[in-house]
Amino acid sequence: MKKKKLTGEKIAKIAMSTVIVLALIVILFPFYWLFITSIRPKSEIFNISSLITLKPHFGNYKMVFTERPFARYILNSFVIGLETTIISIVIASFAAYAIAKTNISPKVKNLVLSLSLAVSMFPQITIVSPIYVIVKNLGLRNSFFGLLIPYTTFSLPLAIWYLTTFYQGISHEIDEAAKIDGCNTFQIFYKIITPLIAPGIFTAAILIFISVWNEFLFALVINTDDIWRTVSVGIVMFQGRFTIPWDEISAAAIVVMIPLVLMVFVFQQRIVSGLTAGAVKE
């Protein structure tokens with residue numbers, strides 16, 4: 001039998017597949033190692049020569065919830081993330097619609113968007129002190145509202161910039177047709193235009209929630225009482241004075257990642273459609 005010759009196209013496909021497999025190994029291996037560490041006995045934690053464990057131990061997951069208020073940490077992160085997401089999306093939707101649909105010059109619109117986006121580019125460490133002073137003077141330390149101020153401040157600019165591209169992609173003929181039908185500006189906004197950009201709003205909401213869920217610095221500085229800590233800060237507090245319980249920390253990290261992974265898998269199509277829809281203007 002004659003051997004089939006490899007064409008340039010087949011070689012390219014093989015090379016691309018190899019690169020993808022290697023990239024997946026590099027990306028997923030840290031998560032695999034984290035999971036293996038979470039189920040290793042303490043005697044095997046530093047055994048880096050073995051990629052598996054013959055004595056899996058799932059007690060660390062139980063200890064995370066029984067010996068520490070980890071469920072409370074998760075609840076705090078969920079509540080703060082949900083509140084920040086709702087507030088940011090509502091305000092950003094109004095602001096983005098106003099920027100996209102008002103009759104002002106494109107240069108002014110670009111200037112407003114650039115200035116708002118510049119706010120989110122400031123390193124958090126440079127403004128944590130003044131925000132801490134503001135929150136303290138308002139008496140909002142160790143509360144959900146204390147974290148809403150910095151989280152909303154950093155979430156709004158990106159949400160406004162992102163949603164503006166969607167509102168700009170909606171044809172002006174739709175606005176004109178709605179006005180002819182007797183709709184006022186607010187009715188056009190929430191009854192007609194906003195439902196059309198639902199994928200963009202949904203994607204922005206998920207990105208904001210994930211960002212808040214993973215935030216560490218402001219949560220560490222503002223909420224110091226154990227009952228008000230978020231998951232990112234709570235995991236750091238697992239460290240003792242003389243020991244670091246890597247097995248429990250790994251188990252807690254896996255638990256924290258599960259909601260985000262499930263969210264991405266469940267809403268994968270919506271996220272993809274939201275990320276791609278804004279790139280095409282009608």
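**Exercise 1. Describe the span 249-267 in this predicted model.**

Solution. Over residues 249-267 the chain is 95% helix and 0% strand. The C-alpha atoms at the two ends of this span are 28 Å apart. Next, compare with the record: UniProt, in an unreviewed entry, lists 249-267 as a "transmembrane region", along with other spans, including 147-167. For residues 147-167, the helix content is 100%, the strand content is 0%, and the end C-alpha atoms lie 29 Å apart.

**Exercise 2. State what the chain looks like over the domain that UniProt places at residues 74-267.**

Solution. The unreviewed UniProt entry names this feature "domain: ABC transmembrane type-1". Over residues 74-267 the chain is 79% helix and 0% strand. The end C-alpha atoms of this range are 21 Å apart.

**Exercise 3. Decide how helix α9 and helix α12 are oriented to each other, and list the residues that meet.**

Solution. Step one is to choose the quantities: two packed helices are described by the angle between their axes and the distance between the axes. Step two is to read them: α9 (residues 198-214) and α12 (residues 246-266) pack at about 170°, with axes 11 Å apart. Step three is to apply the cut-off: angles over 145 degrees count as roughly antiparallel. Therefore α9 and α12 are roughly antiparallel. Step four is to list the residues: from α9 come I206, F209, I210, W213 and N214, and from α12 come V256, P259, L260 and M263. By class, this contact has eight nonpolar residues, one polar residue and no charged residues.

**Exercise 4. Do the same for helix α2 and α12.**

Solution. Helix α2 (residues 59-66) packs against α12 at an angle of about 80°, and the axes are 9 Å apart. Angles from 65 to 115 degrees count as roughly perpendicular, so α2 is roughly perpendicular to α12. On the α2 side the contact is made by N60, Y61, M63, V64 and F65. On the α12 side the residues are D247, E248, A251, A252, I254 and V255. The contact of α2 with α12 divides into eight nonpolar, one polar and two charged residues.

**Exercise 5. Which elements give two or more residues to the lining of the largest pocket?**

Solution. Begin with the pocket: the largest one has a volume of about 320 Å³. Its lining has 16 residues, and F154, S155, L158, I208 and S211 lie nearest its centre. The elements that give two or more residues to this lining are α6 (144-168) and α9. The largest share, seven residues, comes from α6. Sorted by class, the lining has eleven nonpolar, four polar and one charged residues.

Note on methods. Residues are numbered from 1 along each chain as its sequence is written. This is a predicted model: local features need pLDDT of at least 70, side-chain atom pairs count only at pLDDT 80 or more; totals for chains, interfaces and linings use all residues. Side-chain values use heavy atoms; hydrogens and water are left out. Axes are lines fitted to C-alpha atoms, for helices over the stretch in contact, and angles run from 0 to 180 degrees between N-to-C directions. Helices (H or I, at least four residues) and strands (E, at least two) are DSSP runs, numbered from the N terminus. Angles under 35 degrees count as roughly parallel, over 145 as roughly antiparallel, 65 to 115 as roughly perpendicular and the rest as oblique. Contact means heavy atoms within 4.5 Å. Ala, Val, Leu, Ile, Met, Phe, Trp, Tyr, Cys and Pro count as nonpolar, Asp, Glu, Lys and Arg as charged, and the others, Gly among them, as polar. On a 1 Å grid over the protein atoms alone, a cavity is a set of points where a 1.4 Å probe fits but cannot get out, and a pocket is an open set with protein on both sides within 12 Å along at least five of seven lines; lining residues have an atom within 4 Å of a point. Grid points are joined across faces, edges and corners, and a volume is the space filled by probe spheres set on the points. UniProt positions are given in the numbering used here, feature names are shortened, and annotations may be inferred rather than shown by experiment.
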